[in-house]
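Q: Could you take me on a close look at one small part of this protein, and then show me how it fits with the rest? I am new to reading structures, so please go step by step.

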Amino acid sequence: MELEQTTIKTTAHFLATARYMAVLNLVLLIASLIKEHCIVFNLLLAVALLYLHIRLDFDQRIFANSQNFNEFDRTLVTLGLLKQTKARSVTERAKGAIRLWYRAFFATLAQLGLWLI
């Protein structure tokens, strides 16, 4: 149980760092729009990054405020946000959230690379 609580807290703190990435994404988007550089690709990346940041913020809040993930899953099913769910451990959930963070990170690198071209 202590390991689970440590995993939950660590994941919540790690996901909170995505806010800094979001600021960089916004700066790069504004810079590309001002420079009128690859606007279509930058806008597509911005939409994808917005989705990723919304998901990351949601996951960060879940990890920061949830103690019982099974109850959370039942609530999602009750609200119709999930059709059904399989039982997942805290570690599996944390790994999934961290994979999402890495997707945002690599999309940020793509945005940076596009700006540097």
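A: Let's begin with one residue: Thr 7 is buried, with a relative accessible area of 17%. Buried stands for a value under 20% here, so Thr 7, at 17%, falls on the buried side of that cut-off. One thing to keep in mind as you look: this is a predicted model.

Where does this threonine sit? Thr 7 belongs to helix α1, which covers residues 2–16. Its side chain also has a partner to look for: a polar atom of that side chain lies 2.8 Å from the backbone oxygen of Leu 3. If you zoom in on Thr 7, try to find that oxygen of Leu 3.

Now zoom out to the whole chain. The protein chain has five helices and zero strands, so the pattern read along the sequence is α-α-α-α-α. Its C-alpha trace spans about 50 × 30 × 20 Å along the principal axes. Of the 117 residues in the chain, 35% are buried, and Thr 7 is one of the buried residues.

Next, let's follow the charged side chains, which lead us from helix to helix. There are four salt bridges in the model. One of them joins the side chains of Arg 19 and Asp 57, with a distance of 3.9 Å from N to O. Arg 19 is in helix α2 (residues 18–35) and Asp 57 is in helix α3, so this pair ties together parts that lie 38 residues apart in sequence. Both partners are partly exposed: Arg 19 has a relative accessible area of 45%, and Asp 57 has 27%.

Asp 57 has another partner as well. Arg 61 forms a salt bridge with Asp 57, and here the closest N and O atoms are 2.8 Å apart. This pair stays inside helix α3, with four residues, or about one turn of the helix, between one partner and the other.

A further salt bridge is found between Arg 74 and Glu 71, whose closest N and O atoms are 2.5 Å apart. These two residues are three apart in helix α4 (residues 69–78), which means about one helical turn separates them. Arg 74 is partly exposed at 47% relative accessibility, and Glu 71 is partly exposed at 39%. Returning to the earlier pairs, salt bridges with shared partners join Arg 19, Asp 57 and Arg 61 into one network.

Some charged residues appear in a surface patch instead. Arg 55, Lys 95, Arg 99 and Arg 103 form a positive patch on the surface. Helix α5, residues 90–116, contributes the most to this patch, with three residues. Arg 55 is placed in helix α3, which runs over residues 39–65, and this arginine is partly exposed, with a relative accessible area of 33%.

There is a nonpolar patch to find on the surface too. It is formed by Tyr 102, Phe 105, Phe 106, Leu 109, Leu 112 and Leu 116, and together these residues have about 570 Å² of accessible area. Take Phe 105 as a landmark: it lies in helix α5 and counts as partly exposed at 30% relative accessibility.

For our next stop, look at Lys 35 in helix α2. This lysine is partly exposed, with 49% relative accessibility. Its C-alpha atom is 9.4 Å from that of Trp 115, although the two residues are 80 apart along the chain.

Finally, what happens in the loop between α2 and α3? Glu 36 lies in that loop, and its phi is near 55 degrees, a positive value in a residue other than glycine. At 64% relative accessibility, Glu 36 counts as exposed. Cys 38 is also placed in the loop between α2 and α3. Although Cys 38 is not a glycine, it has a positive phi of about 50 degrees. Cys 38 is partly exposed, at 28% relative accessibility.

To retrace the path, we started with Thr 7, buried at 17%, in helix α1. We then followed the network of Arg 19, Asp 57 and Arg 61, passed the positive patch and the nonpolar patch, and ended with Cys 38 in the loop between α2 and α3.

Key:
Residues are numbered from 1 along each chain as its sequence is written. This is a predicted model: local features need pLDDT of at least 70, side-chain atom pairs count only at pLDDT 80 or more; totals for chains, interfaces and linings use all residues. Side-chain values use heavy atoms; hydrogens and water are left out. Patches are made of residues with over 30% relative accessible area and no salt bridge: like charges are joined within 9 Å, nonpolar side chains (Val, Leu, Ile, Met, Phe, Trp, Tyr) within 5 Å. Accessible areas come from the Shrake-Rupley method with a 1.4 Å probe; for residues, only the protein chains shown count as cover. Lys and Arg count as positive and Asp and Glu as negative; His and the chain ends are not counted. The place of a charge is taken as NZ of Lys, CZ of Arg, CG of Asp or CD of Glu. Buried means under 20% relative accessible area, exposed over 50%, partly exposed in between (1.4 Å probe, protein chains only). A polar contact is a pair of N or O atoms within 3.5 Å; within protein, one must be able to donate a hydrogen and the other to accept it, and residues adjacent in sequence count only if both atoms are side-chain atoms.
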